[in-house]
Amino acid sequence: SDVAKLKQFSLLSVRENAHGERTGCLHRLLGQSLRAHMDSHAAAHTLGVCVWALEQHWAFDPADTTTWTAATAVLGHVQAVGRHTHALLRGAAEADECEGAGAGPEHELVAALQLRVSALLTQGALCMCFALSRFDQAQQALEAARAIQQSLLPPGGVACGGGACSLQRGRALTLDTAGKVARYSGKLTEAEALLREALQLWRQWRRGR
């Protein structure tokens, strides 16, 4: 089978954990090669599947320390989908600028990824802050979330109506979390500015509902 051939040449490794669950890992170079040969639709679909899988396993609750260990185990994946989503958004915008392309079938999915991945990064930042006290990494995750939220979507994927409200709500939550991280790390002036900006967005979101 194809899986057996990949394992034979060490391009796929399969491991079993203490609970009997099996996980597979593709060789890094094979993963890069597959991504390089994907068109934008395949890239968006594959990234969407990865995000869905992360969302199924993500259950971080800052008030429940029993959820912290499982959440910290997937933080690397959260950061990875953040990088790929930002690159996907940037690439889609550049392609439409250069080619003047109309709305493609992946644009609706890209708009959904903008919301979902920025939310994951925001929650991941809170986890880094609470569970690991990694304030610098939390700030980097929040900056990545804000970069994704501020990315311009290509035609056909532009957030409008309920989508625009959801994006505004997400931006407010990210700013609110950034304010908390700044406060916990002792940056009180920065925290106040971020929290005031978040409050302004919350008020705008409530008026637009």
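**Close-up views of a predicted model**

**View 1. Arg146, Gln149, Gln150, Arg171 and Leu175 form the lining of the largest cavity.** Keep in mind as you look around that this is a predicted model. Two elements, helix 7 (135–150) and helix 8 (162–184), each give two or more residues to this lining. Helix 7 is the bigger giver, putting in 3 residues, the most of any element. Sort the lining by class and you get 1 nonpolar, 2 polar and 2 charged residues. The space itself has a volume of about 30 Å³, and the structure holds just 1 cavity of 30 Å³ or more.

**View 2. The largest pocket holds about 1100 Å³ of space.** Its lining is made of 28 residues, and the ones closest to the pocket centre are Arg35, Thr46, Cys50, His77 and His84. Which elements should you look for around it, with at least two lining residues each? They are strand 1 (12–16), strand 2 (22–26), helix 2 (28–36), helix 3 (40–57) and helix 5 (75–99). Helix 3 brings the largest share, 8 residues. As for the kind of side chains on show, the lining of this pocket counts 15 nonpolar, 9 polar and 4 charged residues.

**View 3. Helix 3 and helix 6 cross at roughly 35°.** Helix 6 covers residues 107–132, and its axis comes within 10 Å of the axis of helix 3. Is the crossing left-handed or right-handed? It's left-handed. On the helix 3 side, the residues that touch helix 6 are Ala44, His45, Leu47, Gly48, Val51, Trp52, Leu54 and Glu55. Helix 6 meets them with Leu109, Val110, Leu113, Arg116, Val117 and Leu120. Tally up this contact by class and there are 10 nonpolar, 2 polar and 2 charged residues. If helix 3 looks familiar, that's from View 2, where helix 3 gave 8 residues to the lining of the largest pocket.

**View 4. Zooming back out, the protein has 9 helices and 2 strands.** Follow the chain along the sequence and the pattern reads α-β-β-α-α-α-α-α-α-α-α. Both strands, 12–16 and 22–26, turn up in the lining of the largest pocket. How many of the residues count as buried? Of the 209 in the protein, 32% do. Finally, take the contacts between residues at least 6 apart in sequence: 66% of them join residues at least 24 apart.

Key:
Residues are numbered from 1 along each chain as its sequence is written. This is a predicted model: local features need pLDDT of at least 70, side-chain atom pairs count only at pLDDT 80 or more; totals for chains, interfaces and linings use all residues. Side-chain values use heavy atoms; hydrogens and water are left out. On a 1 Å grid over the protein atoms alone, a cavity is a set of points where a 1.4 Å probe fits but cannot get out, and a pocket is an open set with protein on both sides within 12 Å along at least five of seven lines; lining residues have an atom within 4 Å of a point. Grid points are joined across faces, edges and corners, and a volume is the space filled by probe spheres set on the points. Helices (H or I, at least four residues) and strands (E, at least two) are DSSP runs, numbered from the N terminus. Ala, Val, Leu, Ile, Met, Phe, Trp, Tyr, Cys and Pro count as nonpolar, Asp, Glu, Lys and Arg as charged, and the others, Gly among them, as polar. Axes are lines fitted to C-alpha atoms, for helices over the stretch in contact, and angles run from 0 to 180 degrees between N-to-C directions. A crossing is left-handed if the near helix is turned anticlockwise from the far one by less than a right angle, and right-handed if clockwise. Contact means heavy atoms within 4.5 Å. Buried means under 20% relative accessible area, exposed over 50%, partly exposed in between (1.4 Å probe, protein chains only).
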